[in-house]
Amino acid sequence: MTTGTLITVAPTGAESAKAEVPALPVTLDELLLTAKECEALGASVIHVHIRDDEARPTLDPGRLRETVAALREGTDLIVQLSSGGAVTDPEADRLAVLDAAPDMASCTMGTVNFGDDVFLNRWEFIVDLHTRMQERGILPEYEIFDLGQLAALPRLLDRYGLPHGGHVHVDFVMGVPGGMPGTTATLVAAQQMLRDLPAGTTFSATGIGRSTIAVMLASLSTGGHLRVGMEDTVTYAKGRPVESNMQLVARAVGFAQLAQRPPLTTTEARRLLGR
């Protein structure tokens with residue numbers, strides 16, 4: 001079992017509206033302040049979606065490059081860009097995210113019903129994303145919304161090779177309506193399937209909405225890591241809106257310490273991920 005905990009903060013996402021969630025960081029200044037605060041608490045990775053001047057989700061290349069540069073200058077966090085964007089973003093724009101040269105980028109391993117929408121990830125697109133990251137030295141985080149997607153990962157690696165640096169890291173995104181449930185039993189089943197992946201594979205788990213706490217506890221108890229943030233939940237407890245991403249990171253840090261698996265520093269996180 002891993003002795004420390006990799007904590008990823010996903011502060012914004014593409015689903016919540018600023019008008020409905022005023023604490024959501026949508027400007028570059030807000031994102032940078034959030035990143036600094038969460039790093040100080042124990043986060044070592046930041047999973048980034050960006051917004052335009054009207055706070056709408058965007059994959060604007062210039063804004064992405066500016067965001068990566070600002071986060072690198074202002075923090076020591078591992079910068080992970082979302083290649084998922086919003087469910088309406090075209091594949092070409094999602095692939096172009098890599099032009100911003102992040103440390104990491106997400107690579108979702110299949111199509112999933114996403115509430116009332118469809119998050120489309122064709123096999124050819126997955127292969128293209130994976131191989132482009134290999135060529136550019138960007139570490140993928142393979143996002144898994146359902147167990148069939150996890151079963152597809154060995155096929156990808158066998159046919160197209162390991163990521164740059166050789167380390168495989170996956171994130172179980174649990175509790176999305178249409179995806180796998182955010183339960184301990186499901187996470188244990190997913191964790192058992194990792195035996196089909198290369199030795200040393202690591203995993204994080206993300207609990208969407210009300211599954212947040214159950215998924216955090218299950219992940220820590222099975223040797224996994226944590227992703228939290230306002231992309232994934234805007235409710236801290238029943239009837240209590242989240243006040244900031246710091247609040248969610250602080251809770252994750254507290255759980256990790258109780259599990260005697262304290263947060264990894266950014267240096268330790270880079271060593272774990274081969275960065």
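This is a short talk on two pockets and two buried residues in a predicted model.

First, the ground rules. The model is predicted, so to speak of local features takes a pLDDT of at least 70, side-chain atom pairs count only at pLDDT 80 or more, and totals for chains, interfaces and linings use all residues. Residues are numbered from 1 along each chain as its sequence is written, and side-chain values use heavy atoms, with hydrogens and water left out.

Now the pockets. A pocket here is an open set of points on a 1 Å grid over the protein atoms alone, where a 1.4 Å probe fits, with protein on both sides within 12 Å along at least five of seven lines; a lining residue has an atom within 4 Å of a point. Volume is the space filled by probe spheres set on the points, which are joined across faces, edges and corners.

The largest pocket comes to about 440 Å³. Its lining has 28 residues, and those nearest the centre are E15, F114, I208, E231 and D232. By class, that lining holds twelve nonpolar, ten polar and six charged residues. For the classes, Ala, Val, Leu, Ile, Met, Phe, Trp, Tyr, Cys and Pro are nonpolar, Asp, Glu, Lys and Arg are charged, and the others, Gly among them, are polar.

The second largest pocket has a volume of about 200 Å³. It is lined by 14 residues, with V26, T27, L28, R51 and R63 nearest its centre. Six of the lining residues are nonpolar, three polar and five charged. Which elements supply at least two residues each to this lining? They are helix 1 (28-41), strand 3 (50-51) and helix 2 (61-74). Helix 2 gives the most, with three residues. Helices (H or I, at least four residues) and strands (E, at least two) are DSSP runs, numbered from the N terminus.

On to single residues. V127 sits in helix 4, residues 123-136. Is V127 buried or exposed? It is buried, at 12% relative accessible area; buried means under 20%, exposed over 50%, partly exposed in between, with a 1.4 Å probe and protein chains only. Beyond its neighbours within four places in sequence, V127 is in contact (heavy atoms within 4.5 Å) with L156 and Y160. The C-alpha atoms of V127 and L157 are 9.6 Å apart, with their positions 30 residues apart along the chain.

Last, T201, in the loop between helix 6 (184-193) and strand 11 (202-207). T201 is also buried, at 16%. A polar atom of its side chain lies 2.7 Å from the backbone oxygen of P198. Outside four places in sequence, T201 is in contact with V168 and L194.

How values were computed
A polar contact is a pair of N or O atoms within 3.5 Å; within protein, one must be able to donate a hydrogen and the other to accept it, and residues adjacent in sequence count only if both atoms are side-chain atoms.
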